[in-house]
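The points below are meant as a reading companion for a colleague who has not met this structure before. Please keep the structure open while going through them.

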Amino acid sequence: MARAAAFDLEDFLARSRALDLSGIDWSRARAEPLSAAERRILPYFIDVESYTIAYLRALLNTAAIRDAEICDFLGCWLYEEAYHGRALARFLREAGHPLDPRRPKSVERPARAWEALQDAAASALSRAFAQDFVAVHMTWGAIQELSTLNGYRRLAERTENSALAEIVRRVMRDESRHFSFYYHKAEERLSRSPRAQRLTAFLVKRFWKPVGAGIMPQAEIDFLVGYLFSGPRGLEEVRHVDRTIARLPGMGWFRGLEDYVSAARDRLGRDPADAAQMRQGKAHSI
Ligand SMILES: [Fe+2]
Ligand SMILES: [Fe+2]
């Protein structure tokens, strides 16, 4: 089993800071095109970024709190994610499409059934399996960070708005470091416990969904993954995510993102309005 390069936690902690927005030419946000699809998916990204605090709450209810490295990481992780959401919200304001101040915050929305079930299972299983359960969260985090990173990459590739592309590229640098931490920790935890591997495989198979799936309507998630991961380039990214996760001990079976994207595409195919908006992605400028 190939091991990931070691993660330098001290370096991560020393470098952690709010997203650097210096030098961004905000006038380009409004001057350059922003497609209807981009206007639809950016609030989703913002919600996912701001929901990090709720994931943190779930994580701290587990034995993860007894791992000093994880605790050191989480403080900086939350801080960085919050600034990703703020940067994207500012971009939308500068582009002339501010978020509706009346829309409920992501943490105020009622969690969907599977999310509530997952929380309940997490705390019960965490008590029963204690340390092994940390491997589940670390693997889960690695999948979410890597798929987020690749989603941002597709957004930067597809957009015709240079300000958005630059902000997203800077966010990606943080997401890449987040992914490295989770992946490294997942590998460490899985490789030392076959029971952790079995527990992780069992729970990821049954409960895993793309990041944000617990708080966003199904139609919006389908639209997002369809938009970001359509076409040969999208499929390439999706397979890269699945292959990388499948290299973790006990995860060789994983192809969760490709399965999810293909199911989402089937559902989208039934909605001609969504399909048209997605195709227009680039052409449909304001
Ligand atoms: Fe983020
Ligand atoms: Fe992240």
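1. Leucine 190 is a convenient place to start: apart from its neighbours within four places in sequence, this residue is in contact (heavy atoms within 4.5 Å) with Ala135, Thr139, Ala196, Gln197, Thr200, Leu248, Pro249 and Met251. Leucine 190 belongs to helix 8, where helices are DSSP runs (H or I, at least four residues) numbered from the N terminus. With a relative accessible area of 0%, leucine 190 is buried, a term that stands for under 20% relative accessible area with a 1.4 Å probe and protein chains only. Its C-alpha lies 9.3 Å from that of valine 134, although the two residues are 56 apart in sequence.

2. A word on the basis of these values: the model is predicted, local features need pLDDT of at least 70 and side-chain atom pairs count only at pLDDT 80 or more, while totals for chains, interfaces and linings use all residues. Residues are numbered from 1 along each chain as its sequence is written, chains are lettered from A and ligands numbered from 1 in the order in which they are written, and side-chain values use heavy atoms, with hydrogens and water left out.

3. The iron ion (ligand 2) has as protein donors Glu81 (OE), Glu145 (OE), Glu145 (OE), Glu175 (OE) and His178 (ND1), at 1.9 to 2.7 Å; donors are N, O and S atoms within 2.8 Å of the metal (3.2 Å for Na, K and Ca), and water is not among the atoms, so sites may look incomplete. Along the chain, these donors follow the spacing E-x63-E-x29-E-x2-H. Glutamate 145 lies in helix 7 (residues 131-158) and glutamate 175 in helix 8 (residues 162-191), so this pair ties together parts that are 30 residues apart in sequence. Glutamate 145 is buried at 5% relative accessibility, and glutamate 175 is buried at 1%.

4. Glutamate 81 bridges the iron ion (ligand 2) and the iron ion (ligand 1), which lie 3.8 Å apart.

5. Which residues make the contact between helix 5 and helix 7? From helix 5 they are Ile70, Trp77, Glu81 and Leu88, and from helix 7 they are Val134, Met138, Glu145 and Tyr152.

6. Glutamine 144, in helix 7, is buried at 9% relative accessibility. Leaving aside neighbours within four places in sequence, glutamine 144 is in contact with Trp208, Lys209, Pro210 and Val211.

Conventions. Helices (H or I, at least four residues) and strands (E, at least two) are DSSP runs, numbered from the N terminus. Buried means under 20% relative accessible area, exposed over 50%, partly exposed in between (1.4 Å probe, protein chains only).
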